[in-house]
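User: I have a chain on screen and would like to go through its cysteines, its core and its strands. Please keep the answers brief.

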Amino acid sequence: MKHSQQTGSAHAVIIICLVAALLCALGIAFYQNFIIDKNTSTNSTATTHTTTSTPAATVTMKEFCGKYEKICFDYPSNWSVEAASNDGTDGKSNMPYDFVTVKDDKGGSALTLRSGIDGIGGACPRDEMAGQTAEVVSTYQTKITVPAQYINTDYNLAIISAAEVIIKNDKGYTAQMYLSNAKTTSEVKAGMHACDVYMTNFIYGKTNIIPTTSNPAAMTFNSGPAFGGADTLTVYGSRTEATNYFATDAAKKAYEILKSVHYK
């Protein structure tokens, strides 16, 4: 009798152990297949969201051409051009003209183009400007030329260049870039008198004709003050500071615009 009871108890213990082992195995399987998989899926989704980025905008080149003087130039698409052409009835000129401002990607004025200019001239007061010097630090021959009747081989050339010029006066140093066909701005050169580059930022156009003479009017395309406007050139304390201006990103792009001028 006692032996039968002991055998039954042993069987009960074995059954309980087997059930416990089965439940334990089922619990482990559930944890591995459902809890861990769910957490892994959630983490993967979160990682995917954090690696998403917005591509940078592509900068391309655009072209602008004047209305009366048909000169054109290329400029970056993240820059802007403001044109205020007039048919000559606004009292500011006796003929049609273009007034164009090229602005950089921050909205600052980088270059100005003014066509339809007549009656420019005047001698440079060389003695009064004694001690004022000029230096051409860079020059580049463009694709445009000056009409033959305006070429004086003693002073200028047929090909128009883009030039970077530093002028030293009694206030300091100024740095500017402009189109010119003068011999003095056709090559890199230092130690010149300031009068050697006097008014060399004026060139003759081709398509904007002076009504009274039937000759092409003059124009200027430069980084300095607009024709007839206030002098807004920055004055630097040293030649190094003036030279560093040409190394800025905005100045480099402005110079490329001057170098790109062409007629259609």
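User: Numbering the bonded cysteines of the chain in sequence order, what is the pairing?

Analyst: This is a predicted model, so each value here is computed from it. A search of the whole structure finds 2 disulfides. One is formed by C65 and C72, and the other joins C124 to C195. In sequence order the pairing is 1-2, 3-4.

User: Is the disulfide of C65 and C72 right-handed or left-handed?

Analyst: The sulfur atoms of C65 and C72 are 2.0 Å apart. C65 is partly exposed, at 29% relative accessible area, whereas C72 is buried at 1%. The torsion about their S-S bond is about 105°, so this disulfide is right-handed.

User: How many residues apart in sequence are the parts that C124 and C195 tie together?

Analyst: The S to S distance of C124 and C195 is 1.8 Å. With a torsion of about -70°, their disulfide is left-handed. C124 lies in the loop between β5 and β6 (133-145) and C195 in the loop between β9 and β10, so the parts tied together are apart in sequence by 71 residues.

User: Is C124 buried or exposed?

Analyst: Buried means under 20% relative accessible area. C195, its disulfide partner, counts as buried at 12%. C124 has a relative accessible area of 19%, so C124 is buried.

User: Which element gives the most residues to the largest nonpolar core?

Analyst: The largest nonpolar core has 32 residues. F73, L111, M177, L179, F221 and I257 have the most contacts inside it. Elements giving two or more residues include β2 (71-76), β8 (172-182) and α2 (239-246). The top contributor, with 5 residues, is α3.

User: Why do the buried residues of α3 lie on the same side of the helix?

Analyst: In α3 (residues 249-259), the buried residues are A251, A254, Y255, I257 and L258. An α-helix has 3.6 residues a turn, so residues three or four places apart point the same way. The buried residues of α3 are on the same side because they cover an arc of only 155°.

User: Which residue of α3 is in contact with F73?

Analyst: F73 is among the residues with the most contacts inside the largest core. Leaving aside neighbours within four places in sequence, the contacts of F73 include F64, V81, L113 and F221. α3 spans residues 249-259. The contact of F73 in that range is I257.

User: How many residues does the second, separate core have?

Analyst: Nonpolar side chains tend to be buried together in soluble globular proteins. The second core includes A134, V136, V165 and Y178. Its size is 12 residues.

User: Which strands stand at the edges of the open sheet of 3 strands?

Analyst: The order in this sheet is β1-β2-β12, with antiparallel pairing. β2 and β12 pair over 2 bridges, and I71 has Y263 in β12 as its bridge partner. A single partner strand leaves one side without a neighbour in the sheet, so the edge strands are β1 (61-65) and β12 (262-263).

User: S214 has a positive phi although it is not a glycine. Is S214 buried or exposed?

Analyst: The phi of S214 is about 65°. S214 sits in the loop between β10 and β11. M199 also has a positive phi, about 60°, and is partly exposed at 26% relative accessible area. At 57% relative accessibility, S214 is exposed.

Technical notes: Residues numbered from 1 in each chain as written. Predicted model: local features only at pLDDT ≥ 70, side-chain atom pairs only at ≥ 80, totals over all residues. Heavy atoms only, no water. Buried < 20%, exposed > 50% of the residue type's maximum accessible area, 1.4 Å probe, protein only. Helix = DSSP H or I, 4+ residues; strand = E, 2+ residues; numbered from the N terminus. Arc of directions from axis to C-beta. Core = buried A, V, L, I, M, F, W, Y, C linked by side-chain atoms within 4.5 Å. Contact = heavy atoms within 4.5 Å. Pairing = 2+ DSSP bridges. Disulfide = S-S within 2.5 Å.
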